[in-house]
2 protein chains.
Amino acid sequence: MDATDSKVLPQPDRAEIRVDVVLQALGEPVRLQIVRALATAPEGIACGEIELPVTASTRAHHLRTLREAGVITTHTEGTRRISALRREDLDKLYPGLLTGVLSAER
Amino acid sequence: MDATDSKVLPQPDRAEIRVDVVLQALGEPVRLQIVRALATAPEGIACGEIELPVTASTRAHHLRTLREAGVITTHTEGTRRISALRREDLDKLYPGLLTGVLSAER
DNA sequence: AGATTAGTTCGACCACGATCGTACTACGAT
DNA sequence: ATCGTAGTACGATCGTGGTCGAACTAATCT
């Protein structure tokens with residue numbers, strides 16, 4: 001295969017992102033844990049690398065939810081799927097939100 | 001009755017507020033609408049004054065959820081219950097979060 | 001006291017979503 | 001080609017929560 005073979009999974013573009021959907025996506029402990037993990041890796045990491053207290057299928061469900069909400073972006077890289085926070089989009093739409101959430105200790 | 005007769009309904013104090021609970025509370029359209037309304041009235045307003053597409057009992061349910069999450073504070077004033085955003089607490093805990101949410105157009 | 005008004009509480013209903021196991025797809029390596 | 005690995009899709013289960021109506025509480029007013 002071509003070395004540039006990398007597809008971005010379907011996601012809403014910035015104008016389609018809705019704040020209540022984003023908040024609902026973030027308001028789930030497992031998903032918040034994922035977001036926190038992604039925040040430490042600006043370039044994104046493979047889904048499986050994040051240790052989570054759920055099975056692989058549940059993890060896939062949460063990643064899909066985050067992606068469809070516009071919180072993360074995911075692209076393929078071989079068999080791996082690399083996810084990353086859509087920091088720029090979120091900061092433009094809701095300046096301060098992500099910072100506030102990530103600064104939380106509890 | 002005494003003019004100073006005013007009770008604050010039970011609510012978590014700042015240290016007890018949890019970010020996932022706050023996010024989940026905000027991630028519901030009706031509650032977000034309430035929060036937006038309260039944001040325009042720093043001194044608080046009576047629950048019934050906010051026009052909402054739900055019945056009184058559902059409104060009471062949402063106000064309780066917001067209060068127990070630590071998003072709003074409510075005190076009695078005669079038969080009325082005045083609610084207000086806990087702006088200071090939220091800004092201290094999650095600086096930027098409220099600003100980001102309220103700046104959202106959609 | 002009785003009536004009115006503001007709001008809550010309770011119980012029921014129903015939809016949504018978090019979870020899991022299993023089956024499946026896609027890519028890479030042997 | 002076959003096997004292993006990364007991850008998704010589907011179907012089922014089950015708990016949570018948004019909704020309502022009806023009954024209730026508490027304060028105000030006449």
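Within strand E3 of chain A, Ala84(A) is the bridge partner of Thr73(A), and this pairing belongs to a set of 6 bridges that join strand E2 (residues 72–77) of chain A to E3(A), the two strands running antiparallel. The model described here is a predicted one. Beyond these strands, the points below take up a pair of helices in chain A, the side of chain B that touches chain A, and the residues that surround DNA strand C.

**Strands of chain A**

- The hairpin formed by E2(A) and E3(A) has 2 residues between its strands, and in this hairpin Gly78(A) takes a positive phi near 65 degrees.
- Strand E3(A), which covers residues 80–85, is also joined by 2 bridges to strand E1 (residues 45–46) of chain A, and these two strands likewise run antiparallel.
- Where E1(A) and E3(A) are joined, Ala46(A) stands opposite Ile82(A), a residue of E3(A).
- In a regular strand, side chains alternate between the two faces of the sheet.

**Helices H1 and H3 of chain A**

- Helix H1 (residues 19–26) of chain A packs with H3(A) at an angle of about 155 degrees, and the axes of the two helices are 9 Å apart.
- Because angles over 145 degrees count as roughly antiparallel, H1(A) and H3(A) are therefore described as roughly antiparallel to each other.
- The crossing in which H1(A) passes H3(A) is left-handed.
- On the side of H1(A), the contact is made by Val21(A), Val22(A) and Ala25(A), while H3(A) contributes Thr65(A), Leu66(A) and Ala69(A).
- Sorted by character, the residues of this contact of H1(A) with H3(A) comprise 5 nonpolar and 1 polar, with no charged residue among them.

**Where chain B touches chain A**

- In the contact between the two chains, 20 residues of chain B meet 20 residues of chain A.
- On the side of chain B that touches chain A, at least two residues each are supplied by helix H1 (19–26), helix H2 (29–39) and helix H5 (97–102) of chain B.
- H1(B) gives the most to this side of chain B, with 5 residues.
- The residues on this side of chain B divide into 11 nonpolar, 6 polar and 3 charged.

**The surroundings of DNA strand C**

- DNA strand C is surrounded by 23 residues, of which the closest are Val54(A), Ser57(A), Gly48(B), Ser57(B) and Ala60(B).
- The elements giving two or more residues to the surface near DNA strand C are helix H3 (56–69) of chain A and, from chain B, helix H3 (56–69) and strand E3 (80–85).
- By character, the residues of the surface near DNA strand C divide into 11 polar, 8 nonpolar and 4 charged.

Technical notes: Residues are numbered from 1 along each chain as its sequence is written. Chains are lettered from A and ligands numbered from 1 in the order in which they are written. This is a predicted model: local features need pLDDT of at least 70, side-chain atom pairs count only at pLDDT 80 or more; totals for chains, interfaces and linings use all residues. A residue is near a molecule or strand if its C-beta atom, placed from the backbone, lies within 6 Å of it. Helices (H or I, at least four residues) and strands (E, at least two) are DSSP runs, numbered from the N terminus. Ala, Val, Leu, Ile, Met, Phe, Trp, Tyr, Cys and Pro count as nonpolar, Asp, Glu, Lys and Arg as charged, and the others, Gly among them, as polar. Axes are lines fitted to C-alpha atoms, for helices over the stretch in contact, and angles run from 0 to 180 degrees between N-to-C directions. Angles under 35 degrees count as roughly parallel, over 145 as roughly antiparallel, 65 to 115 as roughly perpendicular and the rest as oblique. A crossing is left-handed if the near helix is turned anticlockwise from the far one by less than a right angle, and right-handed if clockwise. Two residues are in contact if their C-beta atoms, placed from the backbone, lie within 7 Å. Two strands pair if DSSP finds at least two bridges between them.
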